[in-house]
Amino acid sequence: MTAAMTVTTASVPKIGRHFRIQWEEAQKAYVLLYPEGMVKLNQSAGEILKRCTGEANVGDITADLEKTFNAQGLQQDVINFVELALQQKWVETT
Amino acid sequence: MTDLAEAQAAQDAATIGPPLWLLAEVTYRCPLHCVYCYNPVDFAKHEAELSTEEWFKVLREARELGSVQCGFSGGEPMLRDDLELLVAEAHRLGYYTNLLTSGVGLNEKRIDALKEAGLDHIQLSFQDSSREMNDFLSSTRTFDLKRRVADLIKSRGYPMVMNCTIHRHNIDHIESILQLADEIEAEYVELANTQYYGWAQVNRDQLLPSREQLERAERITNEWREKHGNKMKLFFVVPDYYENRPKKCMNGWGNIFLTITPDGKALPCHTARMLPGLEFPDVRTSSVRDIWYESEGFNRYRGTGWMKEPCSSCPEKEKDYGGCRCQAYMVANDPNAADPVCDKSPFHHKIVEAVERAQIAGNPQQVKPLIYRGPKESLQLDRPF
């Protein structure tokens with residue numbers, strides 16, 4: 001894995017330049033849209049990605065998720081997912 | 001009885017997913033004359049195009065069912081003066097909007113208007129990497145224009161798919177086609193081997209590449225992937241004539257794709273209007289909901305119940321749903337037959353014969369003059385494929 005793919009709690013992810021996230025009522029899911037394609041997101045992926053606005057860092061996102069879902073210890077899951085999302089270009093980080 | 005029928009209909013509606021992909025073929029008119037165009041050979045007989053308002057109705061009704069990807073295609077969609085209005089309405093409704101264009105008619109003024117309308121992405125087609133072949137295959141002088149349009153698309157910040165249909169006459173140029181894609185900074189490249197429908201079926205023997213050509217092109221594409229990583233995403237679509245099992249056509253009949261033709265016919269794929277004995281519904285007189293869930297045209301080949309042998313007892317029937325109905329009709333003369341690409345089909349030898357001919361360079365079928373797509377040729381040929 002290259003340095004650019006390393007995600008920490010300080011990384012600030014936002015949805016990739018050529019992707020769009022939206023809720024689709026017909027599918028009861030968040031989807032990622034891109035040229036001629038679509039990824040249907042499962043619940044946790046959707047909840048993480050909709051918080052990738054370019055404002056919150058991974059630490060903030062984790063804290064918000066833990067609060068919203070009354071859960072703990074999500075940090076590594078969030079980091080792992082953001083790394084995957086980065087490889088897929090679903091998100092960019094600053 | 002009525003209750004039961006209604007309950008059954010409700011259950012079907014629950015198991016049939018939404019038409020996620022809406023392909024709006026807004027016109028059959030086109031300034032290009034590509035020899036492999038998938039439009040029906042008799043397109044010139046279907047000239048009565050839907051109005052702006054009628055397209056608005058289609059967009060609205062399909063979106064209500066859950067359509068989310070919307071492609072504006074044709075013919076050349078830029079030939080519709082109201083394209084910006086259609087894109088704006090699709091954007092307002094929440095679609096991801098794609099424009100599939102040859103580039104002809106896409107100037108600064110219109111690309112700005114399309115951006116303003118909310119267009120998300122542009123797919124630009126090239127016929128080859130060289131001016132000479134691009135212009136020969138499309139029977140137009142459009143190569144330089146396409147290069148300028150590619151720059152225009154990037155200058156406005158669009159993601160770009162470069163599409164190049166691949167066949168015997170350009171498959172040996174794969175490397176320079178990839179270089180061209182890299183130069184114009186395409187994010188995605190579709191090297192789509194010709195599928196033999198419409199005009200491509202008319203010109204099939206002239207277009208089918210040899211096995212050696214195909215293997216070389218695939219090898220070069222793989223080498224490019226290894227060398228350049230995922231800067232460009234490459235799709236290499238293999239011609240199904242070289243397979244022993246059919247493709248899962250359209251990802252299943254009436255499963256996710258809904259095509260609306262310029263004259264308002266609703267189809268489960270771009271080419272299904274050629275099939276005999278099937279009446280496809282018209283968006284002028286039916287709602288998209290009725291079309292998708294209730295019409296005979298869409299229900300006929302859903303699932304596996306319609307199949308006959310060798311499909312009906314085949315352990316792979318859920319994998320490919322018997323392949324393509326249009327190919328079954330064109331090659332086996334029976335839309336209910338197994339796709340003859342499958343080596344279990346009693347008509348598979350017809351595919352094998354075409355493939356064998358393609359290995360012999362310069363055979364009489366192969367050197368016949370190509371027939372270009374045009375309204376005059378369409379009326380002369382006067383046949384669906």
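Q: What area is buried between chain B and chain A?
A: The size of an interface is often given as the accessible area lost when the parts come together. Buried area is here the accessible area (1.4 Å probe) that two parts lose on being put together, summed over both. Carbon and sulfur atoms give 51% of the area buried between chain B and chain A. The total is about 1500 Å².

Q: At what pLDDT do side-chain atom pairs count in this predicted model?
A: Residues are numbered from 1 along each chain as its sequence is written, while chains are lettered from A and ligands numbered from 1 in the order in which they are written. Side-chain values use heavy atoms, leaving out hydrogens and water, and in this predicted model totals for chains, interfaces and linings use all residues, local features need pLDDT of at least 70, and side-chain atom pairs count only at pLDDT 80 or more.

Q: Which residues of chain B lose the most area to chain A?
A: Contact means heavy atoms within 4.5 Å. By that rule, 23 residues of chain B are in contact with 16 residues of chain A. Three residues together account for 31% of what the chain B side buries: Val68(B), Tyr96(B) and Tyr188(B).

Q: Which residue of chain B meets Arg20(A) in a salt bridge?
A: A salt bridge needs a side-chain nitrogen of Lys or Arg within 4 Å of a carboxyl oxygen of Asp or Glu. The whole structure has 31 of them over all chains, and 2 cross the interface of chain B and chain A. With N to O at 3.0 Å, the partner of Arg20(A) is Asp120(B).

Q: Is Glu61(B), the salt-bridge partner of Lys57(B), buried or exposed?
A: The closest N and O atoms of Lys57(B) and Glu61(B) are 3.4 Å apart. Both residues lie in helix H2 (residues 52-65) of chain B, 4 residues or about one turn apart (helices are DSSP runs of H or I, at least four residues; strands, E, at least two; both numbered from the N terminus). Lys57(B) is partly exposed at 23% relative accessible area (buried is under 20%, exposed over 50%, partly exposed in between; 1.4 Å probe, protein chains only). At 17%, Glu61(B) is buried.

Q: Which residues are joined into one network by salt bridges that share partners?
A: In chain B, Asp82(B) and Arg80(B) form a salt bridge at 2.9 Å, and both are buried. The network is in chain A and joins Glu47(A), Lys50(A), Arg51(A) and Asp64(A).

Q: Why does Lys50(A) count as partly exposed?
A: Lys50(A) meets Glu47(A) in a salt bridge at 3.5 Å, N to O. Glu47(A) is buried because its relative accessibility is 13%. Lys50(A) counts as partly exposed because its value is 34%.

Q: Which elements pack against the buried residues of H3(B)?
A: Helix H3 of chain B spans residues 83-93, and its buried residues include Leu83(B), Leu86(B) and Val87(B). Just after H3(B), Gly94(B) takes a positive phi of about 100°. Against the buried residues pack, in chain B, H2, strand E2 (69-73), strand E3 (96-101) and helix H4 (108-117).

Q: How far apart are the C-alpha atoms of Val104(B) and Pro31(B)?
A: Val104(B) lies in the loop between E3 and H4 of chain B. Beyond four places in sequence, its contacts include Pro31(B), Met78(B) and Leu145(B). Val104(B) and Pro31(B) are 73 residues apart along the chain, yet their C-alpha atoms are separated by 7.5 Å.

Q: What is the volume of the largest cavity?
A: A cavity is a set of points on a 1 Å grid over the protein atoms alone where a 1.4 Å probe fits but cannot get out; lining residues have an atom within 4 Å of a point. The structure holds 3 cavities of 30 Å³ or more. Volume is the space filled by probe spheres set on the points, which are joined across faces, edges and corners. For the largest cavity that is about 120 Å³.

Q: Which residues lie nearest the centre of the second largest pocket?
A: A pocket is an open set of grid points with protein on both sides within 12 Å along at least five of seven lines. The second largest one holds about 570 Å³. Helix H3 (75-87) and strand E5 (91-93) of chain A, with strand E7 (233-237) of chain B, each supply at least two lining residues. Of the 24 lining residues, those nearest the centre are Phe19(A), Gln88(A), Lys89(A), Tyr188(B) and Asn230(B).
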